Structure formats: C-alpha cells, structure tokens
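Work through the exercises below with the sequence and the structure at hand. Each task is followed by a solution in steps.

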Amino acid sequence: MATAVIAPERENYLNQEYGIKSWLLTVDHKRIALLYLVSITFFFFIGGFFALLIRLELLTPAGDLVQADTYNKLFTMHGQVMVFFFLIPSIPAVLGNFLVPLMIGARDLAFPRINLLSWYLYIIAGILMLHCMLTGGVDTGWTFYTPFSTAFSNTKVIEAGLAIFISGFSSILTGLNFVVTIHRMRAPGMTWNRLPLFIWAHYATSIIQLLGTPVIAVTLVLVVLERALHLGIFDPTRGGDPLLFQHLFWFYSHPAVYIMILPSMGVVTEIVPCFSRKRIFGYNFVAMSSIAIAVFGFLVWAHHMFVAGISLYSALIFSALSYLVAVPSAIKVFNWTATMYKGSIRFSTPMLYAFGFIGLFTMGGLTGLFLAALGIDVHVTDTYFVIAHFHYIMVGGAVMGYLGGMHFWWPKISGRMYPESLGRFSALIVFLGFNLTFFPQFILGYLGMPRRYWQYPPEFQVLNVLSTAGSTILAVGYLLPMVYFLWSMRYGKLAPANPWGASGLEWTTTSPPPTFNFEHTPVVDWEAYDYENIPAPEEARVAG
Amino acid sequence: MPDSPVAVEHHEPMLQHHFADMEQQRQASSLGMWLFLATEVMFFGGMFCAYLIYRYWYFADFATASKSLDITLGTVNTAVLICSSLTVVLAVRAAQLGKRQSQVVYLALTLVLGLAFLGIKGIEWTSKFKEHHVPGASFHFEGSVPGHPDQPVDQQHAQIFFSLYFAMTGMHALHMVIGVGIFSYLLYCAWKGRYTPEYHTPLENSGLYWHFVDIIWIYLFPLLYLIDRKK
C-alpha cells in the first residue's frame, strides 16, 4: 500500500472513468469482459444452487426433498443455466474478451459496439430465463427433446427456448468479433505462427460458434413454432420426425462441448510453458489440433443417438469419427506433458489448476471413448456414467481451465495479487471435491443407475452419499476464489506488469492496462513462448 | 501507424479510434459481414435440411401441395427481387462515383421493390389462410396424388409441406422486413450525403445482406413452387 501513497495510481481502464454509466455504456473490451464476469458468476451460482438441490435430493433413496415434477425442473434448469448462461460464455466472453486484443497488440476488438450489444443480448436472455424460472420453470431436460417439449410438457418451454435463442445471438456476435479481430487487427510482426495458442484456441472456438449456433437457433424457432402453432415437423403423430430434431439439436450441441473445452485448453497452453519456463512443445501441432477439434467436432453429433433408432451403418461411421476426436485431444495432452519434461516447474496456483485440468480432462476424454464404442454405449446410455463423463469434461475440464485462467490473469485484470497460499488451497479443494462428487457416479452408472430420476434403489445409497458430500466440498472450493478475489481488489499486493515472468504481449503493458492497451502499438520481432529470453519472475519483479 | 489516441484525431472523420487506417476498418467490416452471412446460411440450412428429408419421404404429397401455390405471383415476386438487387448494385456504384442524387433514387427504388415483394407475399399468404392451408386445427387440403386421381393426398404430409412453406417464406420475409428497415436508414443517410467515394462501407455491407436475402429466395422459389410442374 505504501507505493500507492507515494505515487498516485497511474491512469488505467478501471480508473479512467467512474460511475454506473461509464460501465453500462462502455465499449472498452476490458470493461465488457468485467460486465460478463459479474453476470456469468451470478448465473454460475444459480446453476450451482440447482445442482446442490439435486445432490441433496439424491442423498436418500426415497423422493423426500422434492417431488418428481420439481426434480425434473431442477435438472433441466441446472443444465440450461450452466450450459447456455455460464459455460458457453465463460472463457471466451470474460478472458477472451479481455485478452484477445491485448495478446495480438490491438487497441480493441474489431467491433466494440457489437461487443457491448452481445452483453446486452446476454442480459436480456438472462432476464427472460430468470423470469421463466421464477414463474414455473421448464421440465424438458436441457435437450428440449420432441415431441415431449412440443406437445406434452405443461411448463414454460417457449420462454426458455426464446431465452436460449437470444443468448445464442450473443454467442455468435462474440465469435464473429474474435474471428475478424484475429484476422484484421494483429500488430505489425504478429504473424499467424507467432500468435499465442490461446488465440488459436479462441479462433477455433469462434468458428464453432459461428457455424453451429445458427443451427440450434433455427431448431429452437421450429420447436417454438411447433408448440405454438402445431406445425408438426417434429411430431410423429402428424407425420413429423423426432429424430430430425435430435440431429439438428446435436449438430450444435455436440460442437458446443468444444466451445466449452477449447478455450480451457488455450488457457492451459499459456500456463504450462510459463510455469515450466520452457517453450511450448510442438507449437504447430497444438495450434492445428485446435482447428482439428473444431472440424471433427462437427462430424460426430449422432453418437448421442446410438439408441435412438438411427441406422446401424451410420452409427458405425459416427462411432469411428468420434474416436478420431481423441487424436487431436491426445496431441494436446502429450504436448503439455512434453513441455513440462525437464522444465523448472513452479507449483503456483494457475499451474495447480492446469495440472487438475490435464488429469480430469484425460479421464473425461477416455471415458468418452467408452461412450463412442457402440456396444458399451448401449449398456451405459442414460445412466450416471454419461453424467460423470461429461462433468469431467465440462466441470473438471472447462471450469478448472476457467479458474486457472482467472488466477493467471487476475493480476493483469485487477492490478492486484491474490493470496497465493489460499489460491493453492482452493485448487486442491476443487480437485478433491470434484473427484469425490463425480467419480462415484461412474460406478453408479456402470451398475445401472439411470439419470434424471429423483429416487433410486437403496443399494446405491453409499455412492450417492459420497457424491453429495463431494458436492459440498466443491461448493466451498468455488466460493473461496470469489471471496479472496473480491478481498484482493482492495487489500491485495499491487501487481507488477509481469508477475509470472510470462511471455505474451499482454504482460508488456501495465497492470491493469490503460484504456487503449498499449502506449505505443507494439512491433513483434520474436517468436511465441520465448522463455529462453524472458527473465524468471523474481528478476522480473525487481525490474518491473 | 498512429501511436496514441490523440494522433488519430481526426484526419479521417469516419475512422474509429481502434483502427490504424480506413483500409483496415473497411476490411474488418467487410469480413464481419461475410461471416454474419455464413451464420445466416447455417440458419436457413436447418430448414432446408428438414425440407430435403420430408420432400424425399413424401414426394407425391409435396408435389400436389406445391401446385396449389400461385406460380404467377411467385414468378412476379422473383422478378421483383432480382430487380431490387440490381438497384442496390447501382446505388453502391453511385456512391463509388460520388453521385448523391442517383444514390437516393436507387435506394428509394430498392425500398419500393422490397415493399412490393412483401405486399405480394402478403396477398399469397392471405389466400392460403382463406383456403385453410395454414397448419393447425382447421387445416384442410384437397387434392390427389399425381397420376392417381382417385387417391387423395395425405393431410398430414400436406400439412408438413405448408409448415415448411410458412416457416421458410416467413423467415425470409422477416429478413426482408429487417432489410427494408436498414435501407430506410441508408436512404436517410444518403439523402444527408454521408456516403462518399472514400467512405460507403455501410452501403456495401447492407448491399451484401440484401443480395443474400435475394439468393435465399432464388432457392426457395424452385424448391417450393416448382416441384414436378411438368405436365
């Protein structure tokens, strides 16, 4: 605090303007990132609240906390809020928004006003979703399967559908902004092969957002029209085909998983070289594996439909294609490991989260191969095995990456350091709590416990109690960073420009950056991850 | 390359602060528009996919239902839209040459043609409504399978044809309405003389949008109106 007294704080994007209007009408990508941070955190805790209610209900075999109807609504809204209002926007809209211009040496995203528009669309969608939840909710499952959603459900399907439709626009605009920015706004000398791999990951993510999201949009429009006007496109009693709905839905919703995981992979690819003090192993392979995941991601959707009545031959092809996704994913995991090999590793908080990510993502990915195998899939379809698998990817993978990234770039975002020991503690708690919550679900699923039921046979109770206990530990692990991040904004140590001794243009500007990011447009004449020529953090701290 | 925000002020009045020069700004806007159109292709693609499947399954019923559409109005509308695309191009050309007056005239013509399209589409929809061809409880379609005068068309399959007809032409018309809104604004700006040979990116990009909506119709017309029309 002493430095703050001596020298008045230099002007940055946080203190350049004050007041609510300067935030709600801002076109600064860094401020919009913070608007997103606050809003997705809000929805994360709503989604988490539903999750805890679900776990509480499953503490005992009997349906004693809530009735079946309420339980249906709980898991539906948990899924919709977490997928569409937290995971999809999480890393791109917060860290991506903040970092993409900084990392490529630009003053802002290509379309600052469209960036703000995307946040307002998200907020409109969020308010609609909240209104929907408070006035009755939805019970279709987050998947909106027809004909239940169009002909039978008595809940607010149309409102939820419209909310997700609007949030899709917000996601499309973010992706569009990133692609144009990465193509057109790079600083002189920032060639494609010098881009941080975080940028490559976001580029791949944005392509999926651009090409996938419109398909779920039109699908939801057709569901809404069918429910409101009785069109019959997806209704078998009127000549329609519910399988068509499932094809269209998963054409987006499978690639959507890669919207969630690719940015996390980008985060981990930044963290691992920095805390190993080594150049990334196989830059081109890591970059191209992001693109490959985006491309293959569009060719595997029907593996969600193996038992839905698709032809065996198309199932065989989709099974084989699903195996292919494992190749670029494995390339990433091996390259992270090879980067660490003989590196001088520091176990700082971001690195602990990255370790957690690599382990949990590998487990999620390998169990994904079980599910891509036709025979095993028939056995475990719609069981807790599937639940455990995709939570290992979407929570163990995506959320771990998100938290790792938040810790890594928090000094840049806030200009303050968080308490390191608490950070390490939180990473440990999240890792333990996560495994305790979801590992028992693999066993439960394999033993045959189906998903989406509010009660279960008594012999499953022990594993369910373990899972519920884990979820409370996980909740503490998620609350902790929120508390100490808020604390650090006032009491944290002032952060130097480059506290980790990291490569990347974002660390060459001050913490927090000025409104226009750089005092002079940077000219890049070095390769990415040039850790041989970057001083280790202690020296950097003295110099900075 | 300008180094500080102050340096950007203001050799180019339309240059936004975060771009280095007008060329970069124009290229960014143009790429943004093309990407947006790619998302639109995917959006309509979902409906084209549904159309493809049901037309394959229920071809005979689709052919008969298709013949009940008014081919004269459909053809006129196709011509109207193609003409409007021409006037858009001429408006952009006028902007490139710095001719304010002809910009205004061509933009006004585009608006008139766009509204004419919507009017004709409205007439078609009204008659479909009167004939009970709108999907729902009172849907009723009379007709026989081609080549089998005594075999009536399956009501449900005909209803799916009209579901897709209304969904696709409805979505197309919604895009037309948005286009009319955009072009009204462009007309106002052109009237004020804001588009010069150096800066007319909004005109160019809105033109791309208008052509895209036009192209969607170029696909909708044969798919919906011209199934198995040969005698």
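## Exercise 1: A helix pair in chain A

H5(A) crosses H15(A) in the left-handed sense. The model is a predicted one.

Task: Find how the axes of helix H5 and helix H15 of chain A lie to each other, and list the residues of H5(A) and H15(A) that meet.

Solution.

Step 1. Helix H5 of chain A covers residues 90–104, and helix H15 of chain A covers residues 384–414. Their axes come within 11 Å and cross at roughly 25°.

Step 2. Angles under 35 degrees count as roughly parallel. H5(A) and H15(A) are therefore roughly parallel to each other.

Step 3. On the side of H5(A), the residues that meet H15(A) are Ser90(A), Ile91(A), Leu95(A), Phe98(A) and Leu99(A). Their partners in H15(A) are Ala398(A), Gly401(A), Tyr402(A), Gly405(A), Trp409(A) and Ile413(A).

Step 4. Sorted by class, this contact of H5(A) with H15(A) has eight nonpolar, three polar and no charged residues.

## Exercise 2: One residue of H15

Task: Decide whether Tyr392(A) is buried or exposed, and state what Tyr392(A) touches.

Solution.

Step 1. Tyr392(A) sits in helix H15 of chain A.

Step 2. A residue is buried if 20 or more other C-beta atoms lie within 10 Å of its own. Tyr392(A) has 26 other C-beta atoms within 10 Å, so Tyr392(A) is buried.

Step 3. Leaving out residues up to four places away in sequence, Tyr392(A) touches Leu360(A), Met363(A), Gly364(A), Thr367(A), Gly397(A) and Phe438(A).

Step 4. For a distance across the chain, take Leu65(A), which is 327 residues apart from Tyr392(A) along the chain. The C-alpha atoms of Tyr392(A) and Leu65(A) are separated by 27 Å.

## Exercise 3: Backbone exceptions in loops

Task: Locate the cis peptide bonds at Pro147(A) and Pro512(A), then the positive phi values at Lys342(A) and Asn517(A).

Solution.

Step 1. Begin with the background: most residues other than glycine have a negative phi, and most peptide bonds are trans.

Step 2. Thr146(A) and Pro147(A) are joined by a cis peptide bond with omega about 0°. Pro147(A) belongs to the loop between helix H6 (112–134) and helix H7 (148–152) of chain A.

Step 3. Ser511(A) and Pro512(A) are also joined by a cis peptide bond, with omega about -15°. The loop that holds Pro512(A) runs between helix H17 (461–491) and helix H18 (537–543) of chain A.

Step 4. Lys342(A) has a positive phi, near 60°. Its place is the loop between helix H12 (312–340) and helix H13 (349–372) of chain A. A residue is exposed if 12 or fewer other C-beta atoms lie within 10 Å. Lys342(A) has 9, so Lys342(A) is exposed.

Step 5. Asn517(A) has a positive phi near 75°, and lies in the loop between H17 and H18 of chain A. Asn517(A) has 23 C-beta neighbours inside 10 Å and so counts as buried.

## Exercise 4: The two chains

Task: Describe chain A and chain B by their elements, their radius of gyration and their buried share.

Solution.

Step 1. Chain A has 18 helices and zero strands. The radius of gyration of chain A is 23 Å, close to the 24 Å given by the globule rule for 544 residues, so chain A is as compact as a globular protein of that length.

Step 2. The C-alpha trace of chain A spans about 70 × 45 × 45 Å along its principal axes. Of its 544 residues, 58% are buried.

Step 3. Chain B has seven helices and two strands, in the order α-α-α-α-α-β-β-α-α along the sequence.

Step 4. Chain B has a radius of gyration of 22 Å, whereas a compact globule of 231 residues would have one near 17 Å. The box filled by the C-alpha atoms of chain B is roughly 80 × 35 × 30 Å. In chain B, 33% of the 231 residues count as buried.

## Exercise 5: The contact between the chains

Task: State how many residues each chain gives to the contact, and which helix of chain B gives the most.

Solution.

Step 1. Chain A gives 34 residues to the contact, and chain B gives 29 residues.

Step 2. On the side of chain B that touches chain A, helix H2 (22–57) and helix H6 (155–191) each supply at least two residues. H2(B) gives the most, with 16 residues.

Step 3. By class, this side of chain B has 15 nonpolar, 13 polar and one charged residues.

Notes. Residues numbered from 1 in each chain as written. Chains lettered and ligands numbered in written order. Predicted model: local features only at pLDDT ≥ 70, side-chain atom pairs only at ≥ 80, totals over all residues. Contact = placed C-beta atoms within 7 Å. Helix = DSSP H or I, 4+ residues; strand = E, 2+ residues; numbered from the N terminus. Nonpolar A, V, L, I, M, F, W, Y, C, P; charged D, E, K, R; others polar. Rg over C-alpha atoms; globule rule 2.2 N^0.38 Å. Axes fitted to C-alpha atoms, helices over the stretch in contact; angles between N-to-C directions. Parallel < 35°, antiparallel > 145°, perpendicular 65-115°, else oblique. Left-handed = near helix turned anticlockwise from the far one by under 90°.
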